[in-house]
Amino acid sequence: MTQQLWSGGRRALLTLGGLTVVSACAGTPPKPTGSAPAPATPPPSPVPSVPPPSPTPAGLPPIAVQSKPLYVVPAAAVPKGAKAVALTFDDGPDPAYTPQVLHILRKHHIKATFFVIGQQAHDFPDLVKSIAGEGHAVGTHTWSHQDVSRMPAGRARTEIGRAVDTVAATLGPIPHLFRAPYGSWSPTAFKVCAALGQTSVAWDVDPRDWDNPGSDRIRSRVLHQVGHRSIVLNHDGGGDRSQTVRALRNYLPVLIDRGYRFVGV
Ligand SMILES: [Zn+2]
């Protein structure tokens, strides 16, 4: 089944059969651009798997099981009359790039959402604290950047829950936003997320920055695809993200000029 989702006048092709949506993440091999849906088979993770033994993840109280992730900002999260966009950053925190992203956001007084990898959060807790301390939202992106759609419930619960617990141990509040690596969920993964109180968040704007297509191309893709209530996918980790940083520096002023307000998901 293929569903076409309109967002702010831009049509994003989302393949929901098998619940794999537009695939993007650091480590993904180059794919042809255009509207062709991403292959259902994700590439190897940039991070070794094998999550360490974990106690039962704590998470939050259960929520309703989603049948699909959020592709756009919920209307309730948009201030009345505002033209809104949500910036999101995956695969960090990264000691080289996360501080650069934070600097740019700070300069423009913009808040974003960071979907951090549990292992990275464990290794760089001060960066997680910096993200939250500057008013950004921190969600999770599994413990070791694994495709949770291919896991049985127990393993998915460990992958997701350990990242949630790591962030909670670092920040105090338990995070409640989750993004699946490769944008790949399954009915089982949705159930696991719901049981841990995690809202699944995808995106409708993917400049494929993980593929290092050049900062100009990242910038132009964002500016062409973005619309009211868009969720923009960026990466602040998982590889050389200097193009992402440069593109962000260039496209943010344009979005500001267009009158966007920057909101959470
Ligand atoms: Zn990722």
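This passage describes the overall make-up of a predicted model, two of its helix pairs and one buried loop residue. Because the model is predicted, local features need pLDDT of at least 70 and side-chain atom pairs count only at pLDDT 80 or more, while totals for chains, interfaces and linings use all residues. Residues are numbered from 1 along each chain as its sequence is written.

The chain comprises seven helices and nine strands, where helices (H or I, at least four residues) and strands (E, at least two) are DSSP runs numbered from the N terminus. Of its 265 residues, 50% count as buried, a residue being buried if 20 or more other C-beta atoms, placed from the backbone, lie within 10 Å of its own, exposed if 12 or fewer do, and partly exposed in between. Among contacts with a separation of 6 or more, 78% are between residues 24 or more positions apart, two residues being in contact if their C-beta atoms, placed from the backbone, lie within 7 Å.

Helix α4 (residues 153-171) packs against helix α5 (residues 187-195) at an angle of about 50 degrees, with the axes 9 Å apart; axes are lines fitted to C-alpha atoms, for helices over the stretch in contact, and angles run from 0 to 180 degrees between N-to-C directions. The angle makes α4 oblique to α5, since angles under 35 degrees count as roughly parallel, over 145 as roughly antiparallel, 65 to 115 as roughly perpendicular and the rest as oblique. The crossing of α4 and α5 is right-handed, the near helix being turned clockwise from the far one by less than a right angle, whereas an anticlockwise turn would be left-handed. In this pair, A153, A156, R157 and I160 of α4 meet T188, A189, K191, V192 and C193 of α5, and the contact divides into six nonpolar, one polar and two charged residues (Ala, Val, Leu, Ile, Met, Phe, Trp, Tyr, Cys and Pro count as nonpolar, Asp, Glu, Lys and Arg as charged, and the others, Gly among them, as polar).

For helix α6 (residues 215-225) and helix α7 (residues 242-257), the axes come within 8 Å and cross at roughly 40 degrees, and the two are therefore oblique to each other. Their crossing is right-handed. Residues S215, I218, R219, V222 and L223 of α6 meet a set in α7 that includes Q243, R246, N250 and Y251, and the contact has six nonpolar, four polar and two charged residues.

I110 lies in the loop between α1 (98-107) and β4 (113-116) and counts as buried because it has 20 C-beta neighbours inside 10 Å. Leaving aside residues up to four places away in sequence, I110 touches L87, L105, L252 and F262.
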